Every structure is written in C-alpha cells, then in structure tokens.
Amino acid sequence: YSKYMSSVDVWGFRSVAFKDQFEAIYGKQNNEFLCYSGIPEKYIRPVKRNFDTGIKNFSFLGSLYKLKRVEDIVNALNISFGNEDFYFDIVGSGAEETALKKLVSDLKLNNKITFHGQQKRDTAQEIIAKSDCFVMVSAHEAFGLVYVEAMAKGCITIATKGQGIDGVIIDGVNGFLCESCNPEALAKVIDRIRSLSTEELNSISQKAIETASELTDRK
C-alpha cells in the first residue's frame, strides 16, 4: 500500500475535512490540492435580501434517507418555535418520507411543513430561493453542492460540522455549522440565528453569496 501511494504524483481532495482526515492517517503528501465541486454559473445572480421580518421560512433539498437526518430539522424547528409560526419546505423523496410525514402529523405541524416531493433542479432552486434559511445536517456529506446553491441565493445556511462543507462555511461568518444527529444542538443554532439583528443577517447573507460566486463550475 505504501508503494502504491508513493506512485501517485498529485492528490486532490473534495474538501478540507477530507484532506484533514486523510492526512491524519497517511500524513501530508508532497503535492496536494483542493478540488471543490461547483454550481452552474446561471445560479449566481444578483440577490437583494431583507430579513426585516426575521427568520421564519426554512428549506431542505435532498434525498429523504436516514443519513440526511431530516427528522432532526423537524424536531429542532418544533423546539425552537413552539407555538410560533414557521414554515419548512422539504424538497425530495425517499425511504424516510412516510416516517417523516407521520412525525409531522404527530407533532401537529401539517400546516407548517410542506412536502414537495422530487422536483426538477430549476424548480427546486425556486423553492429554496423563497426561504430565509436552508438547513441540512447530514450524518455524512462529501461536499453538498446544494449548500452552495442555497448560499448563492443569500439563504442563511446551516450545515454539518466536520463534514465536506466545513471550511467553506465559516460558522457565524457566511453561514452556520452544527453537529449531526443532535436536534437540541440544532435548535440552539436556530435560536442563535433568530436572535441576530437584521444587519447581522444581511452581512452573513452577503458573505454567503460572495463565497458561492467563487464556487462555480468554471472556477
């Protein structure tokens, strides 16, 4: 195995997190580079955000399977908002859809959470663009282009700490990071975001847009 590795001239990593994990096991290699994935340039458009009415509209986009931890988002929103109004758009389909719909019904959140099913990519983009905050706290995520798509729209984005997007999203600067499989911790992150001033939210949103503009397919 050592001989095989020594025959590789250049090592590319999908993310800072993967690079750090690799180096912790095999050490730093002579020639390394980061090769982030990119989003279509057409998704980078001028966006003017205004958070004067606060953070109430949330979204998720992805396959509905266990590792995506969508139930944690539902529970966290319920903890954070209680009887207050919020809206959560879930875009995607998968094996967990039935269980998620039951959870939503059990928590009496049917009027606050909408299941859109699987949508075409451009349609999904339109749904995300209408939300204040995009949330995905997957238990395992190589990079997650959907994070970048949401950031390009100026969404306040919550991502998984220690996974692929960590290092691109800097907590409290251009988005927020939260450990996976912990709805209570996620609720605290949501509370933190809800406590921010309009100026702070606008700043984070603008920095998210600037970050996304550097992560296009071409670049």
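# Why these labels fit

User: Let's start with helix α2. Which residues of helix α2 (residues 16-26) are buried?

Analyst: The buried residues of this helix are Ala 17, Lys 19, Phe 22 and Glu 23. Keep in mind that we're looking at a predicted model. Here, buried means under 20% relative accessible area.

User: What do the buried residues of α2 pack against?

Analyst: They pack against α1 (2-6), β1 (11-13) and β2 (32-34). Just past the end of α2 you'll find Gly 27, which has a positive phi of about 85 degrees.

User: Now Ser 180. Where is Ser 180 found, and why is Ser 180 called buried?

Analyst: Ser 180 sits in the loop between β8 (176-178) and α7 (183-194). Its relative accessible area is 16%, and the cut-off for buried is under 20%, so Ser 180 gets the label buried.

User: What makes the side chain of Ser 180 a partner in polar contacts with Val 137 and Ser 138?

Analyst: Check the distances. A polar atom of the Ser 180 side chain lies 2.7 Å from the backbone oxygen of Val 137. For the backbone oxygen of Ser 138, the distance to a polar atom of that side chain is 3.3 Å. The limit for a polar contact is within 3.5 Å, so both pairs pass on distance. Leaving out residues up to four places away in sequence, Ser 180 touches Arg 69, Val 137, Ser 138, Ala 139 and Thr 160.

User: On to charges. How do you know that Lys 102 and Asp 106 form a salt bridge?

Analyst: Their side chains come to 2.8 Å, N to O. A salt bridge needs a side-chain nitrogen of Lys or Arg within 4 Å of a carboxyl oxygen of Asp or Glu, so this pair qualifies. Lys 102 and Asp 106 are 4 residues apart in helix α4 (residues 97-106), which means about one helical turn separates them.

User: Why is Lys 102 called exposed, and Asp 106 partly exposed?

Analyst: Lys 102 has 54% relative accessibility, and exposed means over 50%, so it earns that label. Asp 106 has 47%, which falls between the buried and exposed cut-offs, so it counts as partly exposed.

User: What makes Glu 71 and Lys 66 a salt bridge, and is each one buried or partly exposed?

Analyst: Their closest N and O atoms are 3.2 Å apart, and the limit is within 4 Å, so the pair counts. Glu 71 is buried because its relative accessible area is 12%, under the 20% cut-off. Lys 66, at 45%, is partly exposed.

User: How far apart are the closest N and O atoms of Lys 219 and Glu 214?

Analyst: They are 3.4 Å apart, and the two residues form a salt bridge. Lys 219 and Glu 214 are both exposed. Elsewhere, salt bridges with shared partners join Lys 66, Arg 69, Glu 71, Asp 72 and Glu 96 into one network. The whole structure has 17 salt bridges.

User: Last topic, pockets. How much space lies in the largest pocket, and which residues are closest to its centre?

Analyst: About 300 Å³. Of its 19 lining residues, Leu 61, Gly 62, Ser 63, Val 91 and Gly 92 are the closest to the centre. The lining has 6 nonpolar, 8 polar and 5 charged residues.

User: Which element gives the second largest pocket the largest share of its lining?

Analyst: That's α5, with 4 residues. This pocket holds about 200 Å³ of space, and its lining divides into 4 nonpolar, 1 polar and 5 charged residues.

Note on methods. Residues numbered from 1 in each chain as written. Predicted model: local features only at pLDDT ≥ 70, side-chain atom pairs only at ≥ 80, totals over all residues. Heavy atoms only, no water. 1 Å grid on protein atoms, 1.4 Å probe; cavity = no way out; pocket = protein on both sides within 12 Å on 5 of 7 lines; lining within 4 Å. Points joined across faces, edges and corners; volume = space filled by probe spheres on them. Nonpolar A, V, L, I, M, F, W, Y, C, P; charged D, E, K, R; others polar. Helix = DSSP H or I, 4+ residues; strand = E, 2+ residues; numbered from the N terminus. Buried < 20%, exposed > 50% of the residue type's maximum accessible area, 1.4 Å probe, protein only. Contact = heavy atoms within 4.5 Å. Polar contact = N/O pair within 3.5 Å; in protein donor to acceptor, adjacent residues only side chain to side chain.
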